[in-house]
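These are my notebook entries on a structure that I had not examined before. I record what I looked up, entry by entry.

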Amino acid sequence: MDGMEREDDRRLVAEVRARGQGHVFRFWDAISPEGRRRLLDQLASVDFDQIDSLVRNLVDEGPHRAILERDVRPPDVIPLPRSPVEREERARARREGEVLLAQGRVAVMTVAGGQGTRLGFDAPKGMFPIGPVTDRSLFRIHAEKILATGRRHGRPLLWLLLTSDATHAPTVEAFEQEGFFGLEREDVHFLPQRMMPSVDLEGALLLAEKDAISMSPNGHGGALLALRERGGLDRMRERGADLLFYHQVDNPTVPVPDPVMLGYHGHAGAEMSSKVVEKTDPNEKVGVLAQVAGRTRVIEYSDLPQAMAEARDTDGRLLFRAGSIAVHVFGRSFVERLTEGGLSLPFHVARKAIPHVDADGRKIEPERKNGIKFETFVFDALPEARVTVSQEVDRREEFAPVKNAEGEDSPATARRLLADLYGRWLRAAGVEVPFDAEGHVVGSAEISPLFALDQEECVAKLRGRGIRFHDTIVLAAPDA
Ligand code: UD1
């Protein structure tokens, strides 16, 4: 092969061929010197032992089926408070969480490395305009919550964002353009996750271009490894942060970070905690928490057998109703332990229609599943934790995921949920906001987290202000 001056390049090519993947050099003579370099650099990042073993052990059912044949029961969950005692417990958790925030012991991690294919939005999902009145982006909403929480407790928070090759550059650019949304630059760090090659159904590497193999992010489990490899854990250590509040970029209503959850986690001495909402539709696409052989786990919706999804308890509620909203708290030492010798989470296999270049150099956009992506899931860390806490929250308050372009879990449903949430805060503050029979605001409402982080703050700030609602209302930051 031409252009192979370096000894390590020659060794790499020999290894790739020995692994039966020599077809990736099919267009070598037709590609530029830069293209050759790119291909070699990509191949050098591939762990061929790992790929071989993943391909050898491909199983159709996913890793959970075997586990589910063992003893499975619903998990222990701290329910939504209904009695005065439970309300007081939640209030105590909040106070304890606020102490942790005031001590500067909390950092936030937002996972934003996914390709967001279902939403059909070209830019990173965090840039999606979701504010029901102002079109504030998801990134801005999270940023303002983090800024306001830091101000409230007198300790700016460290914010770690998981990015990937697909989202890194445009994400950094968006933050630059928006002046880091008012945050200090040194408080924000982007952690690019590792990429994994995609293979065809026989295990052969797919080419995305003549000079590039097809790669995709290694799943949000990669967040844990990125924390170690990209300096996230070091930064936490330097600042004395020993707790990590983890959430997904796609949910604008969850409090980021939530003192109540931090308080429960700290009180129990937990290593990993989770938030759940009550699942009422057996086919809702959320993972469910379960106790499997005595360990807490999330069973992903695609792995949950239909009979389990539909099973009901004596009250007629779903037995496995603890729907994960993918919000967790991690102890830093737990993440350190999990990533000591590399990432120990299992890979899940996703069969997908993967665009690629065929043997004749043509670009193919397949309609059927032609290949496999390998991903790790962060919640697979749960069974490794010595102590876990699971807390139920109200989905109307904390779960407005933006997944699909239309229909359920879409921008339209998320905007509605946001407007309704703000409408309820306003009503609590004495503003006459009209609601229809389904509990939706007639009109729209939006409150910047810099104006109020929660209903209590909203009520305190609006008391005696005599605000009137006409069709829409926007409460901005005091200095905006
Ligand atoms: C996810 C959870 C599901 C949960 C639901 C709640 C998984 C596999 N399932 O479903 O249990 O009930 O959210 O909304 O996660 N991401 C990365 N890097 C990656 C892959 C994903 O950063 O390599 C990020 C995405 O940017 C996104 C989040 O992880 O913020 C979720 O990924 P997605 O694939 O959308 O998961 P869901 O199927 O929606």
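**Entry 1: terms and source.** I take two strands as paired if DSSP finds at least two bridges between them. I read helices (H or I, at least four residues) and strands (E, at least two) as DSSP runs, numbered from the N terminus. The model is predicted, and I note that local features need pLDDT of at least 70 and side-chain atom pairs count only at pLDDT 80 or more, whereas totals for chains, interfaces and linings use all residues. Residues are numbered from 1 along each chain as its sequence is written, and side-chain values use heavy atoms, with hydrogens and water left out.

**Entry 2: an open sheet.** I looked up a sheet of 3 strands and found it open, in the order β6-β18-β15, with antiparallel pairing. β6 (199–200) and β15 (348–352) are its edges; each has a single partner strand, so one side of each lacks a neighbour in the sheet. β15 and β18 (residues 371–375) run antiparallel and are joined by 5 bridges. Across this pair, V349 is opposite F374 of β18. I add as background that strands of a sheet pair through backbone hydrogen bonds, either parallel or antiparallel.

**Entry 3: the whole protein.** I list 15 helices and 21 strands in the protein. Its radius of gyration is 24 Å, close to the 23 Å of the globule rule for 480 residues, so the protein is as compact as a globular protein of that length. The radius is taken over C-alpha atoms, and the rule is 2.2 Å times the number of residues to the power 0.38. Along the principal axes, the C-alpha atoms fill a box of roughly 80 × 50 × 45 Å. I call a residue buried under 20% relative accessible area, exposed over 50% and partly exposed in between (1.4 Å probe, protein chains only). By this standard, 52% of the 480 residues are buried.

**Entry 4: covered strands.** How many residues of strand β2 (residues 106–111) are buried? I find 6 of its 6 residues buried. V106, V108 and T110 point one way from β2, while A107, M109 and V111 point the other way. β2 runs parallel to β10 (residues 243–248), joined by 6 bridges, and V108 has F245 of β10 as its bridge partner. β2 also pairs with β3 (residues 158–163) in the parallel sense, over 5 bridges; there A107 is opposite L158.

I then turned to β19 (residues 388–392): 4 of its 5 residues are buried, so the rest of the structure largely encloses this strand. β19 pairs in the parallel sense with β11 (residues 272–278) over 5 bridges, and V276 is opposite E392 of β19.

**Entry 5: L233.** L233 belongs to helix α9 (residues 232–239) and is buried, at a relative accessible area of 2%. Its C-alpha atom is 7.2 Å from that of R332, although the two are 99 residues apart along the chain.

**Entry 6: the ligand.** Which residues come nearest to the ligand? Of the 21 residues around it, I note G113, H220, Y301, S324 and K403; a residue is near if one of its heavy atoms lies within 4 Å. The shell consists of 10 nonpolar, 8 polar and 3 charged residues. A ligand nitrogen atom is 2.7 Å from a side-chain N or O atom of Q193. One ligand oxygen atom is 2.8 Å from a side-chain N or O atom of E300.

Key. A polar contact is a pair of N or O atoms within 3.5 Å; within protein, one must be able to donate a hydrogen and the other to accept it, and residues adjacent in sequence count only if both atoms are side-chain atoms. Ala, Val, Leu, Ile, Met, Phe, Trp, Tyr, Cys and Pro count as nonpolar, Asp, Glu, Lys and Arg as charged, and the others, Gly among them, as polar.
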